[in-house]
Amino acid sequence: MEITKDTMIYDIVAYDSGCADLFMEIGMHCFSCPAALFETVDEACAVHGVDTDDFLEELRAYFAEHTPEAETENAE
């Protein structure tokens with residue numbers, strides 16, 4: 001999944017609910033909020049005082065390790 005500052009929070013968590021912990025760790029409970037359907041990563045970061053680029057880096061690192069391909073490689 002390609003994640004940008006314009007990706008909706010809901011789309012990210014719907015793709016892999018395991019990443020919800022990253023949101024929780026920085027006080028973003030957005031994924032369980034109805035606004036998550038319409039709120040982008042950038043908007044959520046602005047509201048919560050989180051640097052968007054830093055958070056995107058964390059999300060991308062998570063997904064680099066948790067893609068179906070990466071999980072297959074880790075199982076071998």
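Thr 67 counts as buried, at 16% relative accessibility, in a model that is predicted. The cut-off for that label is a relative accessible area under 20%. Thr 67 sits in the loop between α4 and α5, the latter covering residues 68-75. In sequence, Thr 67 and Met 1 are 66 residues apart, yet their C-alpha atoms are 8.3 Å apart in space.

The chain as a whole has 5 helices and 0 strands, in the order α-α-α-α-α along the sequence. Of its 76 residues, 36% are buried. Among contacts with a separation of 6 or more, 55% are between residues 24 or more positions apart. The exposed area of the chain is about 4700 Å², and 50% of that area comes from carbon and sulfur atoms.

In soluble globular proteins, nonpolar side chains tend to be buried together. Here the largest nonpolar core contains 19 residues, and the residues with the most contacts inside this core are Ile 12, Phe 23, Val 41, Phe 55 and Leu 59. At least two core residues come from each of α1 (9-15), α2 (20-25), α3 (41-48) and α4 (52-65). The most is given by α4, which supplies 5 residues. Ile 12 shows how separate parts of the sequence meet: apart from residues up to four places away in sequence, Ile 12 touches Met 1, Ile 3, Thr 7, Cys 19, Phe 23, Val 41, Leu 59 and Phe 63.

One of the contacts of Ile 12 is Thr 7, which belongs to the segment before α1. Is Thr 7 buried or exposed? Its relative accessibility is 11%, so Thr 7 counts as buried. The side chain of Thr 7 reaches the backbone nitrogen of Thr 4 at a distance of 2.8 Å. Beyond neighbours within four places in sequence, Thr 7 contacts Met 1, Glu 2, Ile 12, Glu 39, Thr 40 and Val 41. For the pair Thr 7 and Thr 40, a sequence separation of 33 residues goes with a C-alpha to C-alpha distance of 5.3 Å.

Val 41 leads into the third helix. The buried residues of α3 are Val 41, Ala 44 and Cys 45. Viewed down the axis of α3, these buried residues fall within an arc of 100°, so they line one face of the helix. Elements covering the buried residues of α3 include α1 and α4. Turned away from the buried side of α3 is a face that carries the exposed residues Ala 46 and Val 47. Just after α3, Gly 49 adopts a positive phi of about 70°.

The next helix is α4. At its start, a side-chain oxygen of Asp 51 comes to within 3.1 Å of the backbone nitrogen of Asp 53. How does the length of α4 compare with what its 14 residues should span? At 1.5 Å a residue, the expected span is 20 Å, and the end C-alpha atoms of α4 are 20 Å apart, which agrees.

The buried residues of α4 include Thr 52, Phe 55, Leu 56, Leu 59, Tyr 62 and Phe 63. Around the helix axis they cover an arc of only 120°, which puts them on the same side of α4. Cover for the buried residues of α4 includes α1, α2 and α3. The face of α4 turned away from the buried side carries Asp 53, Glu 57, Ala 64 and Glu 65, which are exposed.

Thr 52 is a polar residue on the buried side to look at separately, in helix α4. Its relative accessible area is 13%, so Thr 52 is buried. A polar contact of 2.8 Å joins the side chain of Thr 52 to that of Asp 42. With neighbours within four places in sequence left aside, Thr 52 is in contact with Lys 5, Val 41, Asp 42 and Cys 45. Two of these partners, Val 41 and Cys 45, are among the buried residues of α3.

Conventions:
Residues numbered from 1 in each chain as written. Predicted model: local features only at pLDDT ≥ 70, side-chain atom pairs only at ≥ 80, totals over all residues. Heavy atoms only, no water. Helix = DSSP H or I, 4+ residues; strand = E, 2+ residues; numbered from the N terminus. Buried < 20%, exposed > 50% of the residue type's maximum accessible area, 1.4 Å probe, protein only. Contact = heavy atoms within 4.5 Å. Areas by Shrake-Rupley, 256 points an atom, 1.4 Å probe, with all protein chains shown as cover. Core = buried A, V, L, I, M, F, W, Y, C linked by side-chain atoms within 4.5 Å. Arc of directions from axis to C-beta. Expected span 1.5 Å × (residues − 1). Polar contact = N/O pair within 3.5 Å; in protein donor to acceptor, adjacent residues only side chain to side chain.
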